[in-house]
Structure formats: structure tokens, C-alpha cells
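Q: Could you take a close look at the surroundings of the ligand for me, and then place that part within the chain as a whole? I would enjoy a connected walk through it.

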Amino acid sequence: MTDKQVLLVKNSWIDIVAHVSDAGQIFYENFFVLAPEARSLFTSDLKEQQKKLIMAITLIFTKVNHLENIKDEVKYLSKRHKGYGVKTDYFVPFGKAFIKMVGTILSERKIWNTEMQEAWTAVYNAVAQAMVENMKEA
Ligand code: HEM
């Protein structure tokens, strides 16, 4: 993950946030096609969940170049995910659904290209890797 990639993600994230409701819906639709068995893990109202998830991922992504500083946050997030019954294998379909959602929204804004896709993938992978490592350790 390069500084430029972090910058690309930071500067385009606002477009996702501006469409938070669509983003959440697109994301979950994508994800449940790839991992239908994960549907039952999501128990809270999906509308609320969509917003919560997108806003929280924002928080983490905007600090991704300082992952060290949010080590504890990530650790507790990972712990809660274990409690939700999330398996580490889910991070792959989750990432695919996530990148596809970002691509859908940023394509509409005409700012989606290979460089952007690589940047978002690198940032997602950094956060997912930190979570998976924590989940395996705990
Ligand atoms: C980088 C990856 C991920 C991030 C940043 C993330 C973030 C979050 C956040 C912030 C919440 C809100 C509740 C809380 O803070 O504990 C949440 C809830 C949840 N996440 Fe994730 N998540 C990620 C990956 C995944 C994956 C791979 C799954 C697999 C199924 C998953 C399943 C869930 C479930 C089941 C909930 C609770 C839903 C409910 O309350 O109904 N997450 N996630």
C-alpha cells in the first residue's frame, strides 16, 4: 500500500459516504450472492447495519496509513467479529463484494479505473489482514 494509494482512497471515499444508503445495499446484495450462508450472521436491522458498517469502515480506512495507532480498535473489532461467528474465510468474498460496490459507485462518478481499483484493494487488504491476524491469534 503506497502513500498515493492511501490518498486515492481518502479522496474518493467521500463519494461513497455521500451515497451511503445505496452503498450499503449494493454491498450486501453483492456479498450475499457470494456468501449466502453468511446472511444469518447479520441479525440487526439491515438498514441500520448498512449505515453502521459503511461509517465504521470509513473511520478505519481514513486512518489506514496509521494502522499502528488504531491497533486496539482493530483488535476489539476482530474480537467482536469472532463473537458474531465470522470465519476468516469470509474476508475474501467480503472484499470482493466491497470492491465491486466501490466500483459501481465510483464508475457512476466516472473516477473508477485500474489504479483506483488497485488502491482500494490494497487498503481493504491491509485492514482485512490485520483483522484476520487478530482473529487467528485470539
Ligand atoms: C475489513 C473488514 C471489516 C470491517 C472493517 C468490519 C467492520 C464492522 C463494524 C464496524 C461492525 C459494527 C459492529 C461492531 O463494531 O462490532 C461490523 C459488524 C458486523 N460484521 Fe463486519 N467488518 C469487516 C468484515 C466482516 C466480514 C468478513 C464479515 C463476515 C461475514 C463481517 C460480518 C459482520 C457481522 C455479522 C456484523 C454484526 C451484524 C449485526 O449486528 O447484525 N464483517 N463489522
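A: Four helices each supply at least two residues of the shell around the ligand: α3 (46–61), α4 (71–84), α5 (91–108) and α6 (114–137). Please keep in mind that this is a predicted model. Of these contributors, α3 gives the most to the shell, with six residues. In total, 22 residues surround the ligand, and the closest are Ser 44, Ala 56, Arg 80, Tyr 90 and Phe 94. Sorted by class, the shell around the ligand is made of 16 nonpolar, four polar and two charged residues.

Let's stay with α3 for a moment. Glu 48 also lies in this helix. With 10 other C-beta atoms within 10 Å, Glu 48 is exposed, because 12 or fewer such neighbours count as exposed. Between the C-alpha atoms of Glu 48 and Tyr 124 there are 22 Å, for a pair 76 residues apart along the chain.

Next comes α4, whose geometry is easy to check. At 1.5 Å a residue, its 14 residues should span 20 Å, and its end C-alpha atoms are indeed 20 Å apart, which agrees. Gly 85 follows α4, and the phi of Gly 85 is positive, near 90°.

Another positive phi turns up further along. Lys 110 is found in the loop between α5 and α6, and its phi is about 60° although Lys 110 is not a glycine. Lys 110 counts as exposed, because it has 7 C-beta neighbours inside 10 Å.

Now for the wider fold. The chain has six helices and zero strands, so the order of elements from the N terminus on reads α-α-α-α-α-α. The radius of gyration of the chain is 14 Å, close to the 14 Å that the globule rule gives for 138 residues, so the chain is as compact as a globular protein of that length. Along its principal axes, the C-alpha trace spans about 40 × 30 × 20 Å. Of the 138 residues in the chain, 19% are buried. Take the contacts between residues at least 6 apart in sequence: 84% of them join residues at least 24 apart.

What about the interior? In soluble globular proteins, nonpolar side chains tend to be buried together. Here, the largest nonpolar core has 21 residues, and those with the most contacts inside it are Phe 27, Met 101 and Val 123. The elements that give two or more residues to this core are α1 (3–17), α2, α5 and α6. The biggest share comes from α6, with seven residues. Two helices, α5 and α6, thus appear both among those that supply at least two residues of the ligand shell and among those that give two or more residues to the core.

Val 123 deserves a closer look of its own. Leaving aside its neighbours within four places in sequence, Val 123 is in contact with Met 1, Gln 5, Val 6, Val 9, Phe 61 and Val 64.

For contrast with the core, here are some exposed positions. Helix α6 also holds Glu 137, which is exposed, with 8 other C-beta atoms within 10 Å. The C-alpha atoms of Glu 137 and Ala 18 are separated by 36 Å, and the two are 119 residues apart along the chain.

Helix α2 (residues 20–34) offers two more such positions, Glu 29 and Val 33. Glu 29 is exposed, with 12 other C-beta atoms within 10 Å. From the C-alpha atom of Glu 29 to that of Asp 72, 43 residues apart along the chain, the separation is 30 Å. Val 33 has 12 C-beta neighbours inside 10 Å and therefore counts as exposed. Val 33 and Asp 15 are 18 residues apart in sequence, and their C-alpha atoms are 24 Å apart in space.

Note on methods: Residues numbered from 1 in each chain as written. Predicted model: local features only at pLDDT ≥ 70, side-chain atom pairs only at ≥ 80, totals over all residues. Near = placed C-beta within 6 Å. Nonpolar A, V, L, I, M, F, W, Y, C, P; charged D, E, K, R; others polar. Expected span 1.5 Å × (residues − 1). Rg over C-alpha atoms; globule rule 2.2 N^0.38 Å. Buried ≥ 20, exposed ≤ 12 C-beta atoms within 10 Å, placed from the backbone. Contact = placed C-beta atoms within 7 Å. Core = buried A, V, L, I, M, F, W, Y, C linked by C-beta atoms within 7 Å.
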